[in-house]
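Here is a short tour for anyone who likes to check geometry by eye. Please keep the viewer open and follow along.

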Amino acid sequence: VLVERISDDNPQLLRFFAGHGIAPGTRLEVTAVNSAEAGQGSAVNLVLPNDSELSLDTGAAASVYVSYL
């Protein structure tokens with residue numbers, strides 16, 4: 001996916017994304033979307049441009065607006 005924009009409602013979350021290199025124009029690979037089970041929250045698993053992996057809860061992921069490539 002391609003990051004189109006990031007909500008600016010939460011400055012701390014914006015800093016978190018920036019620290020991981022997630023900004024408009026960034027390409028990400030979504031590897032899994034996990035629903036809540038066994039006490040775990042829902043999450044979106046990503047591969048970042050530097051090939052590291054990141055798991056975001058769906059609340060944080062909902063702040064990132066993407067388009068499909």
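Where is the place of T26? T26 sits in the loop between α1 (11–19) and β2 (29–34). Helices (H or I, at least four residues) and strands (E, at least two) are DSSP runs, numbered from the N terminus.

A word on the ground rules. This is a predicted model, in which local features need pLDDT of at least 70 and side-chain atom pairs count only at pLDDT 80 or more, while totals for chains, interfaces and linings use all residues. Residues are numbered from 1 along each chain as its sequence is written, and side-chain values use heavy atoms, with hydrogens and water left out.

**The loop after α1**

T26 is buried, with a relative accessible area of 10%; buried means under 20% relative accessible area, exposed over 50%, and partly exposed in between (1.4 Å probe, protein chains only). The side chain of T26 reaches two backbone oxygens: that of A23 at 2.7 Å, and that of G21, which lies 3.2 Å from a polar atom of this side chain. G21 itself comes just after α1 and takes a positive phi of about 75°. Not counting residues up to four places away in sequence, T26 touches V1, L2, V3, G21 and P49, where contact means heavy atoms within 4.5 Å.

I22 belongs to the loop between α1 and β2 and counts as buried at 2% relative accessibility. With residues up to four places away in sequence set aside, I22 touches V3, I6, F17, L28, L48 and L54. I22 and S67 are 45 residues apart in sequence and 14 Å apart in space, C-alpha to C-alpha.

**Around the start of α1**

S7 lies in the loop between β1 (2–6) and α1, and S7 is buried, with a relative accessible area of 14%. Leaving aside neighbours within four places in sequence, S7 is in contact with L14, S63 and Y65. The side chain of S7 also makes a polar contact with the side chain of D9. A polar contact is a pair of N or O atoms within 3.5 Å; within protein, one must be able to donate a hydrogen and the other to accept it, and residues adjacent in sequence count only if both atoms are side-chain atoms. At the start of α1, a side-chain oxygen of N10 reaches towards the backbone nitrogen of Q12.

The distances for these side chains are listed here.

| Side chain | Partner | Distance |
|---|---|---|
| T26 | A23, backbone oxygen | 2.7 Å |
| T26 | G21, backbone oxygen | 3.2 Å |
| S7 | D9, side chain | 3.3 Å |
| N10 | Q12, backbone nitrogen | within 3.0 Å |

**The sheet**

Three strands form an open sheet in the order β2-β3-β4, with antiparallel pairing. β2 and β4 (53–57) stand at the edges, each with a single partner strand, so one side of each is left without a neighbour in the sheet. Neighbouring strands of this sheet are turned by 20° against each other on average, direction ignored; here axes are lines fitted to C-alpha atoms, for helices over the stretch in contact, and angles run from 0 to 180 degrees between N-to-C directions.

Strand β3 (residues 43–47) and β4 pair in the antiparallel sense over five bridges; two strands pair if DSSP finds at least two bridges between them. Among the facing residues, N45 has S55 as its bridge partner in β4, and V47 stands opposite E53. β4 has a covered face, L54 and L56, and an uncovered one, E53, S55 and D57.

β3 and β4 form a hairpin with five residues between them. In the turn, D51 has a positive phi near 70° although D51 is a residue other than glycine, and D51 is exposed, with a relative accessible area of 64%.

On strand β2 we find T31, partly exposed at 45% relative accessibility. Apart from residues up to four places away in sequence, T31 touches N45, L46 and V47. The C-alpha atoms of T31 and V47, 16 residues apart along the chain, are separated by 7.0 Å.
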